[in-house]
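Me: I would like to learn how to read pockets, sheets, salt bridges and cavities from a set of coordinates. Can we work through one case together?

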Amino acid sequence: MKLKFLGATGSVTGSKYLLSSGGHDILVDCGLFQGHKELRLRNRHPFPVDPAGIDAVVLTHAHLDHSGYLPLLVKNGFTGKIFCSPATFDLCKILLPDSGHLQEEEANYANRHGFSRHAPALPLYSEADAVRALRQFVPVPFDMPFAIAGELQGQLALAGHILGAAIVTVRCAGKTIVFSGDLGRPNDPLMVAPAAIAEADYLVVEATYGDKRHDPADPLLLLGQTIRDSAARGGVTIIPAFAVGRAQSLLYDLHRLKEQGAIPAHLPVYLNSPMAADATALYQKHLHSHRLSHEQCFAMRHAATIVNSVEESIALNERQVPMVIVAASGMATGGRVLHHLKAFAPDPRNTILFAGFQAGGTRGALMLAGCASIKIHGQQVPLRARVAQIANLSAHADGDELIGWMSHIRHAPQRTFITHGESAAAEALRRRIGEELGWPCEVPGYLDDVTLA
């Protein structure tokens, strides 16, 4: 059994792991690279192995850094099954076509306005490519073993993090390899705690916050204070948010803040992401994956006015009154939030509030680092608005929570691989695992190939 690391090494994007055994090759996750240009360029490089030779894919969850390369994999010859949880399939039916559509829109916009270095600018894949890829999905229930390919058997367990997120266990020839995917937090107000895993001969674990401890302060109080301060200045609070996971948490938090009187009941709140609205509706369908009741799901869905059309989105930019706008994408790498940033970033009355991890090289990371302007659609936009972050709204386990989750494994894995973390975070977690759990562990590099058994 061999494992090759095709992504999520030295970064938090592009998750792809190639597992080979008995003449069969499978991928665990198939995500897009995001952030630094040298990472994004990998999306355009030839795939490291022939897509036609891959037997199957197993997804941990629907976020594009874990699923967003699938349409291109299929376009380039992959014909196998794509296994995932039912909720992940429902989310991918929203996310993947939207990803293709946005890429087509952005390429067309770049071509019309002439700011692309490529003539013409082309999308990685189209909406139609994404729809074709969805035909190969096979949803499987949690906690039920399923055949992947040859002797490779899979099983999914709840990971928290977002709706449908899974810890993936693969069994072959008496050995077990566990992929944590992105692990949620044990006491998240929305999502259930990650399932405890008792056995793992080999472990691949994420390290997004491997070098951090989340602030114990109540993020709801910080969110309310930030919005009140911005409104008192007559300003707008712009919250870039991932359409799946973060947007729903924020909607539920905004509902609670209004219910508690912590922000004015009349303060307008807009969700400028039809995709996020569609994803929010799925919470009532998949009640087993989170902590909310039907009534709480209803309140979350109605916490904001949904902005559907482009015309409605543009009209928001003309409003110079206190309001809250939640819009994708969460790291300000694309989507409708860019148009809001162009409109509101130059005004010091406004606030740009980040509510999660910002990968290196993204606009979000640059803004938090204190840049004076941001480049959007080929233009430099002055950044005079207040920029803030509530890091403990994250849906990722921190270093302590990762160690706590791993401590449920009864016997030390033969090897532990630390991925999905920037270099400092991965190295910090490697040291902690060695010192506190006594396990042999390593931080693999891009395209590293290891023999497991």
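Reply: Let us start with a pocket. This is a predicted model. Its second largest pocket has a volume of about 380 Å³. Its lining counts 26 residues, and the closest to the centre are Arg 185, Asp 188, Pro 189, Pro 219 and Asn 392.

Me: Which elements give two or more residues to the lining of that second largest pocket?

Reply: Helices α6 (219–232) and α7 (246–260) do. The top contributor is α7, with four residues.

Me: How does the lining of the second largest pocket split by class?

Reply: Eleven residues are nonpolar, seven are polar and eight are charged.

Me: Arg 185 is among the residues closest to the pocket centre. Which side chain does Arg 185 meet in a salt bridge?

Reply: General idea first. Side chains of opposite charge can pair when their charged atoms come close. Here, Arg 185 meets Glu 401, at 3.2 Å from N to O. Arg 185 sits in the loop between β10 (175–179) and β11 (202–206), while Glu 401 belongs to helix α13 (residues 399–406), so the bridge ties together parts 216 residues apart in sequence.

Me: How many salt bridges does the structure hold?

Reply: It holds 16.

Me: Now the sheet. In what order do the seven strands of the open sheet run?

Reply: Read across it: β6-β5-β4-β3-β2-β1-β22, with mixed pairing. The edges are β6 (137–139) and β22 (449–451), each pairing on one side only. From one strand to the next, the twist averages 25°.

Me: In which sense do β4 and β5 pair?

Reply: Parallel, over three bridges, between residues 56–58 of β4 and 81–84 of β5. To find the register, look at Ala 56, which stands opposite Lys 81 in β5.

Me: Which strands does helix α4 lie across?

Reply: Helix α4 (residues 86–113) lies across β5 and β6. It runs at about 145° to β6.

Me: Last, cavities. How many of 30 Å³ or more does a search of the whole structure find?

Reply: The idea is simple. Rolling a probe the size of a water molecule over the atoms shows where empty space is left. Here the search finds one cavity of 30 Å³ or more. The volume of this largest cavity is about 60 Å³.

Me: Which residues line the largest cavity?

Reply: Among them are Tyr 17, Asp 29, His 66, Phe 179, Glu 206 and His 420. Strand β11 supplies the largest share, three residues. By class, four lining residues are nonpolar, five polar and three charged.

How values were computed: Residues numbered from 1 in each chain as written. Predicted model: local features only at pLDDT ≥ 70, side-chain atom pairs only at ≥ 80, totals over all residues. Heavy atoms only, no water. 1 Å grid on protein atoms, 1.4 Å probe; cavity = no way out; pocket = protein on both sides within 12 Å on 5 of 7 lines; lining within 4 Å. Points joined across faces, edges and corners; volume = space filled by probe spheres on them. Nonpolar A, V, L, I, M, F, W, Y, C, P; charged D, E, K, R; others polar. Pairing = 2+ DSSP bridges. Axes fitted to C-alpha atoms, helices over the stretch in contact; angles between N-to-C directions. Contact = heavy atoms within 4.5 Å. Salt bridge = Lys/Arg side-chain N within 4 Å of Asp/Glu carboxyl O.
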